[in-house]
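Visitor: Hi! I'm new to this one. Could you walk me through it?
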Amino acid sequence: MTSDPSTPRGPRRARRGARPAAAALAAAVLTLSACSSGGGGGDPDDDPSRKTDKNRAENYSLGTKADSTGPAAPVPGAKEGGTVNVLQRDAFTHLDPAQIYYADQLSVQMLYNRSLTTYKIDANGRVKVVGDLATDTGTSSDGGRTWTYTLKDGLKFEDGSPITSADVRQSVERLYAKFATDGPQYIPQWLSGEGQSFRKALPDGPYKGDHLPDDVLDTPDDKTVVFHFREPHADTPYAVAMPNIGAVPAEPGKDTKERYDTHPVASGPYKIGTLKAGKSLTLVRNEHWDPRTDPVRHQYPERFAVSFGVQEPDSARRLLAERGGDRQAMSFTNAVTIEAGPSVLKDDATKDRTFNEVQPYVDYMAINMDRIKDRKVRQALAYALPNHQILGQLGGARAGQVAGNLLSPSLAGWKDIDPYGKKKFPAGDTATAKRLLREAGKEGQEIVYAYPNTTEYQKISVVVTQALEKAGFQVEKKEIDSNNYTTEISKVDNGFDIYRASWGADWPVGSTVVPPLFDGRSVVDGSQNYWHLRNGLVNAEIDRINKITDVEAAADEWVKLAEKILTEDVPAVPIFYNRQWSIWGSGIGGVKYHPVYGTAAPTDVYVK
């Protein structure tokens with residue numbers, strides 16, 4: 001998954017051809033149980049380094065059919081009514097589930113969108129995959145190549161029309177259309193081919209009356225959906241929890257393609273009320289949602305009123321002060337920043353309305369390999385960047401931990417490698433950077449550095465520029481509107497040399513990180529190969545590891561490949577492992593941490 005590259009600690013979660021370690025993880029889970037930042041509230045005075053990472057592989061399990069049955073357990077003390085105000089820095093890039101892959105949008109879609117499976121989070125942050133639209137987490141056959149899902153009774157869209165297997169088929173087949181570039185692509189790739197080759201199987205999606213053959217995707221009746229994958233995928237229950245594997249009306253005229261972004265048809269407890277582009281979004285109750293079908297969501301508030309353009313320092317100050325409607329406010333991804341942090345820590349009354357949790361995301365400085373072709377120059381950038389100072393502008397230890405490698409510590413098989421000495425030289429190793437530039441004959445190398453125009457990243461741009469100039473680079477800064485940042489850096493021909501990106505595993509295995517980020521067959525506009533790495537040997541290794549079904553062996557191989565990419569190709573510089581420090585108003589309850597998305601989850605929230 002990626003975190004939103006424009007949002008500190010609100011990464012975009014991307015996913016793509018996962019399988020090996022993930023398959024082994026899922027297989028193990030199936031044996032035991034037979035898819036660019038709280039519930040816990042932990043004490044903010046605790047040392048952040050002692051916090052348990054709830055996103056680790058051992059924290060996941062597959063639920064039973066009984067676990068998948070609604071209604072969701074009542075939240076103690078909850079009552080109905082009122083408005084929850086949500087303060088967000090950036091406008092949502094997408095509302096269409098086909099296009100959602102960023103943390104803030106992952107959070108909001110939980111309110112109006114349902115997928116075949118979903119995540120049930122308990123009071124201790126343990127994660128259980130359960131059936132959402134489906135009655136359970138699926139039944140596999142043919143050695144894991146075929147997966148069958150049965151839809152629940154009583155499922156309806158916001159207009160009262162029943163949700164059928166044809167609507168699930170629509171949600172899958174529209175992912176083949178040209179406009180669907182930003183969301184996870186596990187399922188279409190598993191059905192029809194890796195990289196972007198899957199689109200050849202249905203280049204116009206379902207919009208000209210064509211469909212995938214029944215031996216690829218079958219809907220033999222209104223309640224049954226059958227996936228026929230090319231290879232075994234034991235982690236399918238996780239992949240169909242992605243927002244884009246749900247229900248989109250197949251009835252002509254209701255799926256408006258690109259325009260579906262402005263008003264996706266709701267299957268969850270809320271629906272789109274009003275949307276003012278770049279300014280606000282209001283979600284109101286969906287009267288056709290049946291809680292008896294839903295194991296994870298509630299419908300306590302009358303509405304959710306989301307305001308965009310609220311900078312992180314401002315939202316933290318407002319939630320601390322609690323004036324007016326801010327007493328009933330929260331944020332999905334805005335974090336307590338360095339400006340407001342000391343005040344929050346001093347106020348004992350905030351202990352019951354804050355959490356500080358480890359996220360599954362890693363922040364990187366992406367290096368555009370189409371423009372920076374000299375490996376020594378890329379190495380010089382890696383040594384020069386001041387990880388500690390960058391993290392300091394976001395809140396220090398409560399915002400994250402200095403990173404030495406491309407993978408999050410939450411991943412199975414993770415090893416604490418640090419080839420560029422980011423922990424030994426957290427302010428950057430200027431001497432080594434200078435030497436590498438001299439050896440390359442590139443002293444004075446010009447660097448076009450792009451960053452979002454947010455308070456935090458304007459400050460970060462200063463420390464980054466100073467560090468690079470000290471190492472012998474000349475820096476040209478390019479400030480980008482944060483609302484458009486992810487779109488701009490995801491363009492292949494973006495015109496930038498370095499830029500911030502962020503990524504988190506969709507589930508805690510390397511197969512949900514290395515293939516989506518570093519497969520050279522996926523270098524297209526909108527993809528997550530932000531660095532444009534095109535290495536045939538890396539592609540071949542991805543294919544090889546994808547065939548390993550032993551969980552430990554596969555996990556180790558992903559870690560080895562990530563280290564090889566970092567040291568030999570140098571496509572990116574790991575900066576820090578993310579944390580989310582959230583605060584909300586005392587007038588609402590039920591806020592909890594979602595360890596899969598790394599955000600504040602809204603599904604249990606109520607107005608006191």
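Visitor: What radius of gyration does the protein chain have, and what would a compact globule have?
Guide: The protein chain has 23 Å, and a compact globule with 608 residues would be near 25 Å, so the two agree. The radius is taken over C-alpha atoms, and the globule rule is 2.2 Å times the number of residues to the power 0.38. Bear in mind that this is a predicted model: local features need pLDDT of at least 70, side-chain atom pairs count only at pLDDT 80 or more, while totals for chains, interfaces and linings use all residues. Residues are numbered from 1 along each chain as its sequence is written, and side-chain values use heavy atoms, leaving out hydrogens and water.

Visitor: What box do the C-alpha atoms fill?
Guide: Roughly 70 × 55 × 45 Å, taken along the principal axes.

Visitor: And how much of the chain is buried?
Guide: Buried residues are 64% of the 608; buried means under 20% relative accessible area, with a 1.4 Å probe and protein chains only.

Visitor: New topic: how many helices and strands?
Guide: The protein chain has 15 helices and 23 strands. These are DSSP runs numbered from the N terminus, with helices (H or I) of at least four residues and strands (E) of at least two.

Visitor: What's the order in the open sheet of five strands?
Guide: S10-S11-S12-S3-S13, with mixed pairing. Two strands pair if DSSP finds at least two bridges between them.

Visitor: Which strands are at the edges?
Guide: S10 (270-276) and S13 (329-330), each pairing on one side only.

Visitor: How does S10 pair with S11?
Guide: S10 and S11 (residues 280-285) are antiparallel, over six bridges. Lysine 271 stands opposite valine 284 in S11.

Technical notes:
Buried < 20%, exposed > 50% of the residue type's maximum accessible area, 1.4 Å probe, protein only.
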